[in-house]
Protein chains: 4
Amino acid sequence: MAVDFTPAPEVAELAERTARFVRDTVIGVEETHDGVVPSEDVRRELQAGARAAGVFAPHASPEFGGHGLDMCGRAPVFEEAGYSLLGPLALNIAAPDEGNVHMLEQIATEEQKARYLAPLAAGDIRSCFAMTEPAPGAGSDPDALATTATRVDGGWRIDGRKWFITGADGAAFSIVMARTTGVPGDRGGATMFLVDAGNPGMTVGRHIPTLDESLYGGHLEVEFSDCRVGDDAVLGEVDQGYRYAQVRLGPARLTHCMRWLGIARRAQDIAVARASEREVFGSRLADLGMAQAMVADNEIDIHAARGLILRACWELDQGRNGGLEVSVAKTFTAEAVWRVVDRSLQLCGSLGVSGDVLLGRFLREVRPFRIYDGPSETHRWSIARRVVGRAGKAGR
Amino acid sequence: MAVDFTPAPEVAELAERTARFVRDTVIGVEETHDGVVPSEDVRRELQAGARAAGVFAPHASPEFGGHGLDMCGRAPVFEEAGYSLLGPLALNIAAPDEGNVHMLEQIATEEQKARYLAPLAAGDIRSCFAMTEPAPGAGSDPDALATTATRVDGGWRIDGRKWFITGADGAAFSIVMARTTGVPGDRGGATMFLVDAGNPGMTVGRHIPTLDESLYGGHLEVEFSDCRVGDDAVLGEVDQGYRYAQVRLGPARLTHCMRWLGIARRAQDIAVARASEREVFGSRLADLGMAQAMVADNEIDIHAARGLILRACWELDQGRNGGLEVSVAKTFTAEAVWRVVDRSLQLCGSLGVSGDVLLGRFLREVRPFRIYDGPSETHRWSIARRVVGRAGKAGR
Amino acid sequence: MAVDFTPAPEVAELAERTARFVRDTVIGVEETHDGVVPSEDVRRELQAGARAAGVFAPHASPEFGGHGLDMCGRAPVFEEAGYSLLGPLALNIAAPDEGNVHMLEQIATEEQKARYLAPLAAGDIRSCFAMTEPAPGAGSDPDALATTATRVDGGWRIDGRKWFITGADGAAFSIVMARTTGVPGDRGGATMFLVDAGNPGMTVGRHIPTLDESLYGGHLEVEFSDCRVGDDAVLGEVDQGYRYAQVRLGPARLTHCMRWLGIARRAQDIAVARASEREVFGSRLADLGMAQAMVADNEIDIHAARGLILRACWELDQGRNGGLEVSVAKTFTAEAVWRVVDRSLQLCGSLGVSGDVLLGRFLREVRPFRIYDGPSETHRWSIARRVVGRAGKAGR
Amino acid sequence: MAVDFTPAPEVAELAERTARFVRDTVIGVEETHDGVVPSEDVRRELQAGARAAGVFAPHASPEFGGHGLDMCGRAPVFEEAGYSLLGPLALNIAAPDEGNVHMLEQIATEEQKARYLAPLAAGDIRSCFAMTEPAPGAGSDPDALATTATRVDGGWRIDGRKWFITGADGAAFSIVMARTTGVPGDRGGATMFLVDAGNPGMTVGRHIPTLDESLYGGHLEVEFSDCRVGDDAVLGEVDQGYRYAQVRLGPARLTHCMRWLGIARRAQDIAVARASEREVFGSRLADLGMAQAMVADNEIDIHAARGLILRACWELDQGRNGGLEVSVAKTFTAEAVWRVVDRSLQLCGSLGVSGDVLLGRFLREVRPFRIYDGPSETHRWSIARRVVGRAGKAGR
């Protein structure tokens, strides 16, 4: 027992294979399509490639065809996958399916696993996670949850409106968070339900146009109106939804960080390559002090984010709550990745804002991460509360 | 003679009228079209509206149908126009036409004014300014100018490649900067030429896809190959192009700042309106400290940028070089506007990244301004050189 | 009526004379004493020099021996005085006397003016302003005022504790803010009293050791216990103290800004001189990009602060409230000056942290300005409230 | 082999004991003396306390009375020691002795170890490291080394001037870096010499007054003039000085980081305690959003710095060069610690700038760390060169 940063050998090898697959196979597709997967065919083709390369579903347990990585193992592999906007979809570790696989493994029944988890882990179907609601519903503040599930004969009836439901277009099923106790504003109890596509009480509405466009299946509005499901649709136990949400959200925040860290590294590599060949004012751009400062700040941000992510992963792998570490890692990484992409674009000048490199695309894709999964301000509030609380306990 | 911030009465009135026109007429069109003018019809309709409102062409001299504002007069009027992405086009003060009108008034011959300036100031035609070249040509470093103009029988022959030529698609004429003395890397001499659309030696190439999309007429590649023009195409004097470029660029940088300051104010207004009505964690968002800090920082940035712009305008209006003041104002404003839009978007949360408000659009539009018209790094280098040089002189 | 940045001729001339006096006379004394006036003799000698140079008391009205400058006139003159830590004391425009002169001119009776203002403006005596209290009393939040004044036979009785009372050691009189209506926590009414040194009910306590050390007369604790004063000790009207505090505080915040802006310019000059002669890695430091970025950022901060200060001055000179403009200028300037001194010190490397240049001294002196006169956070809160309130009014 | 953040049990226990010793014994002494050890008696008393607590010399090998910690082991222990400005001296791990012990263990001969290392590790004597020179000598740029050592009969003659030689006042010996090959400006070869106090060719000059004051023994000017030493004074091999400097500097940078991280944590604890009890505007300061943002940013900075330090330690423990990781950790930590102390002071308001808490002292002590051990700009330059070089290799 002592500090060790060496990844397990099978992790190191998988990360290496993933890096190779992304460089040799994925980036070409990404550049052709400006970072946005255009069709189900392309999705399937990418996933077939990942399977052939032996890098598919690194997070799923072997039982479901995956590599069974813990969080510390995911960190380097997901970062390599995230080196391209299309890498995560290729490996079947894009949001929201990746987080749903993680959660279903932990709380679904055997029947639910067979019906939902198995085909999802295999990439045969897609899913979505319907929690976020338009104001004044559940957003930064989960206690504002307004969608309700009420007991009816033989099951439940769900009513409410969701938005920013990623991947809802084409999802075979949704995991829906609904209030089963209390009223909006106090916590009460929430329950998760599995709702199949085609349920007549569920309407998948418009694609919300957003700054980011690369998450496959879009961000959608979804409405539930007298949506009926049976008791077998309950995921885990009734009224335990907030607890399960934490099971999903902590790891999901970190896997987001890992993937976006990959994009930050890619942006830095593009900028460094450019700065190494561009001549300006009689010097190589890479030899000018202001450019060097940007390259160095990128590197510092990348190292710091990687360290914070790994530490938070380790806390979760130890079975600890890790709430502070996850918030610290998420807040820092979301802002660091943004800075890195911004500086990299600046280093490339006019080329950087053109579509001839993907930096403008990256900038659009990473910006929302400072809001999605909890805005930086909410996480800062949470961090401060934990720190102040900890001090209070120590003081007593 | 004493410090006075009161605008001249006719300026105050014109700014007020412009504000009203933008709010009542322009913003509706902008929101319908996501901030991007879709067609020549819409452009003409907007300009007709501005004419009817008595706010058209505030920068052009009365001789050419304008209001003849000096730089200090333009500052508040252009800021009001810039409150919408479409305001500047409506008033005919969008780049690059606005800067071309400014320069043509100062250096064109009477014949050139009649032929080019008059219809341009009237909005009957559009123009472009072809200076920037792809690497290793003239970008941040104007001395790298690679396009050449060589004397031939009865005129000149222009050869070279330009890119990021804003508004080139549909422009009736181009003002082309070409080297007439020396070689790339030393200053030598440059000359400006008026080249009509349709000149067989000029090829308007592809639209460069860019992060920003609202500048009408796009950013294009333009190639000159054995492009022949007569002596009457010379704008001003031969070999004086760098001097004229300064005539154009100083004011053009400031008018860019004015317009983008308008967008910053708009972003702040959108965010403040949202924060005033949104409830979160049991409080109004506008009453939460972290939100208040963002609102205050926006306000500080807006005030500071406005002060720097006005000061630089005044230097130019006094007939001084103003190079330091312009670089200071441009660098600060480009970064301040970016921060303001970014914070405003953050304040709006998921709504902010959605197309339901224009903040994501604004973010895309303002980002390149830290690169266009001289990257912040080039301006910082220029500022430092002036400061160090000034100190050296004072020391002696 | 039109925008004009030209100072009135007599202001320009006074600023020029002040600059010469500071460079020729004050800086030598400052460097000898590490920026801290060591004795009453040195204070008197400096003030005699200022009188001889014709730059003494630029803010006082001619009736009291001064130059009668308005706020816009003070801006350039105070900035020149502030170029040395000792300049303001030399000109008799250091805190708190400068603000007290300003307030007494506006609200004192003729008798009070003769007795307090005349010798204060002449530099014969010094004063202090006793408002701030230790927690939980009046600090950021003036409504927490806990010191009370109660009516007694033939006058008033003052009780309470003050701290951070600048200049209290050696002050001939204090202006004391005490609650005359209401209780701590609600505004109620406050009254200002003139209390002579030697009043047996007033105890001037310990010098609070502080990071800054250059404000003459120190920062002290002062206690009032059964402190009796007559009715003629009331400054202005009873219960109008908060209003008078605004009369003093708005201008005082700006004159602080002016003086510290002078120090920022000085720091920049020291750093630029150093960077111009220091060779490192085979280049002149001033030619290295990262150094140039610091020099440029300093220059931008200085220009922006100067613009904000002048604008707020002009608002006050117009007789407007100017609360927003003052808070914007104070917040930005306090932070900008800090950044400028910090960067300048960094540019000088080890020399910068040594006492061989005054940059470490400057760093210590300017740090508290982000707290004194209202912490940045309180001003940001105030700015946000004004902006949100303004939007609410516009919306209705 | 897998990622593990658990410290070895003996490290955890030693860190725990150190924390207890610092809180129970050291902080009282620190607060009494405003963070500056006033005398040799106090130094000896503190070290006796550390010996009694079983926490003395954690870095020295057991052979020399220490705990033999590797770099990963030092990280948590030194951080705990650094929680007080006096902790490192108490444990005998303050600069420069700590780094000298580290280096002597690796390169000294047995005779040198007996004579110099043994009493140094025991705290019986102190030492200094004489490398830095005033401009234009060796500072940021080691190749500018101007002090020379020339072969003479029976040994060497050293000539040159050093400054910022920490701990020189009272040091029993100095390790002196002198040029033995080449001329200032090219690398050539340097050699390290052990010079005893009292050598007539060495003059320990003035204490340089500095912003920081807590490093025991001060920062001094030292002059060598015909300073004669024998061959046994050579440390390691002739001309290998630059290599040995790296042996010393990499670890020394990290141990600086560890110690200052302790101060950052202390500052945060002081601020959080204050914010938890201070009421302002009717709320607890700790419940106000802007205060929470500062607390959270402190926490993020502390976590990120800790992660970067540990990672760089691990690289060194693996026997790798670790140059990139050390520069990243040093640059980030020096700036993060500065930000944390600055925010903590701001959170405490006027109290924060007073001597009633040590935050102003901490601010003075940590500022130079952005310059000492290589300014941030030099490290950024070094980081960028490594990143660009790495990219170049990967590209080929």
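**How the chains are arranged**

In this predicted model, chain C can be laid onto chain A by a rotation of 180° with 0.0 Å of shift along the axis, and the superposition has an RMSD of 0.0 Å. Such a rotation is the relation of a two-fold axis. A helpful place to look for this axis in chain C is C:Gly289, the residue of that chain that comes closest to it, with its C-alpha atom at 2.0 Å. The surfaces follow the symmetry too: 100% of the interface residues of chain C are also interface residues in chain A, so the copies meet through the same surface.

We can turn next to chains A and D. Their contact takes 40 residues from chain A and 40 residues from chain D. On the side of chain A that touches chain D, the elements giving two or more residues are helix 7 (241–277), helix 8 (289–317), helix 9 (323–353) and helix 11 (376–395) of chain A. Helix 8 of chain A provides the largest share of this side, with 13 residues. Sorted by class, the side of chain A that touches chain D holds 27 nonpolar residues, alongside 8 polar and 5 charged ones.

A stretch of chain A with another make-up is worth a look as well. For residues 128–210 of chain A, an unreviewed UniProt entry lists "domain: Acyl-CoA oxidase/dehydrogenase middle". Over residues 128–210, chain A is 52% strand and 0% helix. The C-alpha atoms at the two ends of this stretch are 18 Å apart.

How values were computed: Residues are numbered from 1 along each chain as its sequence is written. Chains are lettered from A and ligands numbered from 1 in the order in which they are written. This is a predicted model: local features need pLDDT of at least 70, side-chain atom pairs count only at pLDDT 80 or more; totals for chains, interfaces and linings use all residues. UniProt positions are given in the numbering used here, feature names are shortened, and annotations may be inferred rather than shown by experiment. Helices (H or I, at least four residues) and strands (E, at least two) are DSSP runs, numbered from the N terminus. Copies are superposed by least squares on the C-alpha atoms of residues with pLDDT of at least 70 in both. Two residues are in contact if their C-beta atoms, placed from the backbone, lie within 7 Å. Ala, Val, Leu, Ile, Met, Phe, Trp, Tyr, Cys and Pro count as nonpolar, Asp, Glu, Lys and Arg as charged, and the others, Gly among them, as polar.
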